[in-house]
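Trainee: Please pick one part of this model and take me through it closely. Give the cut-offs as you go.

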Amino acid sequence: MNASQIINDEMSLEEKLAAIDQAMANAQAVANDEAASRGQVAAPLDPGDLTMCEGCQ
């Protein structure tokens, strides 16, 4: 997900946050659909995962 495709400098903070929330909801919906097609349950996305390196997780 590329942030420049979701938000821009002309948006207010509220618009940026709403766009990010919508993008995360869309990503979760895709993950849910993919998991359901495999007969599995998708784990919810954790925004905290985006702020730490893989070694810290």
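Mentor: What follows is a close look at one helix, after some values for the whole protein. The model is predicted, so local features need pLDDT of at least 70 and side-chain atom pairs count only at pLDDT 80 or more, while totals for chains, interfaces and linings use all residues. Residues are numbered from 1 along each chain as its sequence is written, and side-chain values use heavy atoms, with hydrogens and water left out.

The protein has 2 helices and 0 strands. Helices (H or I, at least four residues) and strands (E, at least two) are DSSP runs, numbered from the N terminus. The radius of gyration is 14 Å, well over the 10 Å of the globule rule for 57 residues, so the protein is more spread out than a compact globule. That radius is taken over C-alpha atoms, and the rule is 2.2 Å times the number of residues to the power 0.38. Along the principal axes, the C-alpha atoms fill a box of roughly 40 × 30 × 15 Å. Buried residues account for 9% of the 57. Buried means under 20% relative accessible area, exposed over 50%, and partly exposed in between (1.4 Å probe, protein chains only).

Now helix α2. It covers residues 13-37. At 1.5 Å a residue, its 25 residues should span 36 Å, and its end C-alpha atoms are 36 Å apart, which agrees. The expected span is 1.5 Å times one less than the number of residues.

Take its buried side next. The buried residues of α2 are A19, A23, Q28 and A35. They pack against α1 (3-6); contact here means heavy atoms within 4.5 Å. In general, an α-helix has 3.6 residues a turn, so residues three or four places apart point the same way.

Other positions on α2 are less covered. L17 lies in this helix and counts as partly exposed because its relative accessibility is 46%. L13, L17 and I20 make a nonpolar surface patch of about 270 Å². Patch residues have over 30% relative accessible area and no salt bridge; like charges are joined within 9 Å, nonpolar side chains (Val, Leu, Ile, Met, Phe, Trp, Tyr) within 5 Å. A salt bridge is a side-chain nitrogen of Lys or Arg within 4 Å of a carboxyl oxygen of Asp or Glu. Accessible areas come from the Shrake-Rupley method with a 1.4 Å probe; for residues, only the protein chains shown count as cover.

Two polar positions follow. E15 is in α2 and, at 43%, is partly exposed. Q22 is in α2 as well; at 45%, it is partly exposed.

Some C-alpha distances place these residues. Q5, in helix α1, is exposed at 67%. Q5 and E15 are 10 residues apart along the chain and 14 Å apart in space. Q22 and S4 are 18 residues apart in sequence and separated by 15 Å. E15 and A43 are 28 residues apart in sequence and 27 Å apart in space.

Finish at the far end: just after α2, G39 has a positive phi of about 75°.
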